[in-house]
Amino acid sequence: MAHYQSEFLHVLDERGFLHQCTDYAALDALAASHALTGYIGFDATARSLHVGSLIQIMMLHWLQQTGHRPIALMGGGTTKVGDPTGKDTQRALLADADIRANLESIRGVFAKFLRFGPGPTDAIMADNDEWLSRLGYVEFLRDYGTEFTINRMLSFESVKMRLERESPLTFLEFNYMLMQAYDFHELYRRYGCRLQMGGSDQWGNIVNGVELCRRKDGVEVFGLTTPLLTTASGRKMGKTESGAVWLNADMYSAYDYWQYWRNVEDADVGTLLARFTTLPMAEVRRLAALGGAEINEAKKILASEATRWIHGEAAAAAAAETARRTFEEGAAGADLPTHALASATLAAGYPLFDAFLAAGLVSSKSEARRHLAAHALRVNNEVVGTDRPLTTADLKDGAIKLSVGRKKHALIRPQ
């Protein structure tokens with residue numbers, strides 16, 4: 001681990017956030033001597049951000065906690081274009097009304113991690129649509145298009161990947177990196193912003209912004225990236241077999257969120273505790289060093305800490321208790337995901353695979369069929385051996401507990 005003068009870089013380094021920087025020494029010196037303003041951009045391609053965005057949100061959190069000012073930049077303008085980074089095809093273009101609705105939906109999560117207000121280190125929420133949609137096309141090309149060369153832009157990984165795979169890269173998408181660079185220039189002019197952060201896949205776009213600020217504003221600004229968020233086995237974090245792990249509480253239940261973190265791979269526990277909790281690093285290292293069955297206690301702490309951020313203390317505690325009752329007592333915890341079913345439908349016999357599909361435990365009937373063949377489907381903790389319908393005879397305490405393996409559970413409750 002490198003030695004940094006600034007608390008900001010020291011904390012990020014100790015917690016595993018650092019990957020690339022345009023100039024570590026100069027950024028360190030600036031952060032050690034001045035309150036720094038830094039930003040990360042978030043496009044509004046869905047109603048919620050997912051767990052994959054958490055590493056960026058935590059960087060803004062630590063920027064503020066170490067005495068600096070974070071900007072959460074909403075991509076109201078850039079979402080209209082779509083970031084081509086990491087994509088084989090163009091993103092679906094959203095209507096302006098959909099983008100506005102998505103922006104309103106995702107804004108709330110930032111208040112859980114950042115302190116907003118008028119103070120010198122209080123967070124700012126900006127929207128790049130405020131300036132990007134006002135740019136005149138010819139004027140923009142004349143004033144800024146001359147600062148970018150096609151030769152350089154073709155060297156960026158996001159462009160090279162599409163060209164090598166012979167996947168079309170539209171001129172609209174090609175402009176995305178110019179727009180992101182302009183954001184940095186605009187944020188410097190408005191707020192004195194000197195730092196842009198992001199995932200390592202954004203390095204080319206960030207460097208463009210650094211160079212534009214140097215040419216247009218005559219100032220040294222900085223780019224800083226994190227490693228891409230992957231598990232020890234190489235899978236991208238933020239998604240499960242059933243879809244994205246959303247941060248909006250109304251799109252992903254507290255219990256499911258708690259379970260997502262509880263079920264991480266053993267080898268990832270230390271990394272995730274460091275990046276996604278504020279536990280002291282001495283405690284993180286102690287928990288990460290636990291062996292055997294004890295590592296499960298570390299996972300429970302990770303799950304509760306992570307869930308507290310998004311759903312609050314009470315919901316995190318309730319999710320932990322539901323999990324304890326479900327796994328340790330075999331009971332049907334009250335907070336398990338629940339699917340309501342008409343009593344008449346259950347009385348007539350509800351197809352088994354339909355029940356597991358409706359409860360969200362499988363993504364298709366074919367998946368349910370595979371689990372049945374592997375003896376992984378359970379009804380009220382008992383392995384199901386045949387494809388038979390659920391009936392009122394399966395009710396226990398007013399509900400039917402469905403399980404896939406020993407980790408995924410839900411209730412069917414008649415109404």
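User: OK, so two strands pair if DSSP finds at least two bridges between them. With that in hand, what is the bridge partner of F42 in β3?

Analyst: That's M74. Keep in mind that this is a predicted model. F42 and M74 belong to a longer match-up: strand β2 (residues 37–43) and β3 are joined by 7 bridges and run parallel.

User: How does the chain get from β2 to β3, and what's the handedness of that crossover?

Analyst: The chain goes from β2 through α3 to β3, and this β-α-β crossover is right-handed.

User: Who else does β3 pair with, and over how many bridges?

Analyst: Strand β4 (residues 124–127) is joined to β3 by 4 bridges, and they run parallel too. One pair to find on screen is A72 with its bridge partner in β4, M125.

User: And β5, how does that one pair with β2?

Analyst: β2 and strand β5 (residues 195–199) pair in the parallel sense, over 2 bridges. Look for Y39, whose bridge partner in β5 is Q196.

User: What's the strand order in the whole sheet, then?

Analyst: The sheet is open, with 6 strands in the order β1-β6-β5-β2-β3-β4, and its pairing is mixed. β1 (20–21) and β4 are at the edges with a single partner strand each, so one side of each has no neighbour in the sheet.

User: Back to β3. How many of its residues are buried?

Analyst: 7 of the 7 residues in β3 (residues 69–75) are buried, so the strand is largely enclosed by the rest of the structure. R69, I71, L73 and G75 point one way, while P70, A72 and M74 point the other way, and all are buried.

User: What about the helix in that crossover, α3? Is it mostly covered or mostly open?

Analyst: Mostly covered: 11 of the 12 residues of α3 are buried. Among them are L54, I57, H61 and W62.

User: What span should α3 have, and why?

Analyst: Helix α3 (residues 54–65) has 12 residues, and at 1.5 Å a residue it should span 16 Å. The expected span is 1.5 Å times one less than the number of residues, so that's where the count comes in. The end C-alpha atoms of α3 are 16 Å apart, which agrees.

User: Nice. What comes after α3?

Analyst: G67 follows α3, and its phi is positive, near 95°.

User: Where else do I see a positive phi, in a residue other than glycine?

Analyst: Try H375, with phi near 60°. H375 is in the loop between α19 (365–373) and β10 (377–379).

User: Is H375 buried or exposed?

Analyst: H375 counts as exposed, at 55% relative accessibility. The cut-off for exposed is over 50%.

User: New topic: the largest nonpolar core. Which members touch the most others?

Analyst: The core has 70 residues, and L224, Y257 and W261 touch the most other members. The largest share of this core, 8 residues, comes from α3.

User: What is Y257 in contact with, leaving aside neighbours within four places in sequence?

Analyst: The list includes V51, L54, W246, Y252, I310 and H311. There's also a second, separate core of 30 residues, which includes I124, F140, Y144 and V159.

User: How about α13, what do its buried residues pack against?

Analyst: They pack against α3, α12 (254–262), α14 (281–288) and α15 (295–311). In α13 (residues 269–276), 6 of the 8 residues are buried, so the helix is largely enclosed by the rest of the structure. The buried ones are V269, L272, L273, A274, R275 and F276.

User: I clicked on N205. Where is that, and is N205 buried or exposed?

Analyst: N205 is in helix α11 (residues 203–217). N205 is buried, because its relative accessible area is 4% and the cut-off for buried is under 20%. The side chain of N205 also makes a polar contact with the side chain of Q202, at 3.1 Å.

User: Last one: what's the order in the sheet of 5 strands?

Analyst: That open sheet runs β9-β13-β12-β10-β11, with mixed pairing. Its edge strands are β9 (338–341) and β11 (382–383), and each pairs on one side only. β9 and strand β13 (residues 408–414) run parallel and are joined by 4 bridges, and T338 stands opposite L411 in β13.

How values were computed
Residues are numbered from 1 along each chain as its sequence is written. This is a predicted model: local features need pLDDT of at least 70, side-chain atom pairs count only at pLDDT 80 or more; totals for chains, interfaces and linings use all residues. Side-chain values use heavy atoms; hydrogens and water are left out. Buried means under 20% relative accessible area, exposed over 50%, partly exposed in between (1.4 Å probe, protein chains only). A polar contact is a pair of N or O atoms within 3.5 Å; within protein, one must be able to donate a hydrogen and the other to accept it, and residues adjacent in sequence count only if both atoms are side-chain atoms. A nonpolar core is a set of buried Ala, Val, Leu, Ile, Met, Phe, Trp, Tyr and Cys residues joined through side-chain atoms within 4.5 Å. Contact means heavy atoms within 4.5 Å. A crossover is right-handed if, with the strands pointing away from the viewer, the path from the first strand over the helix to the second runs clockwise.
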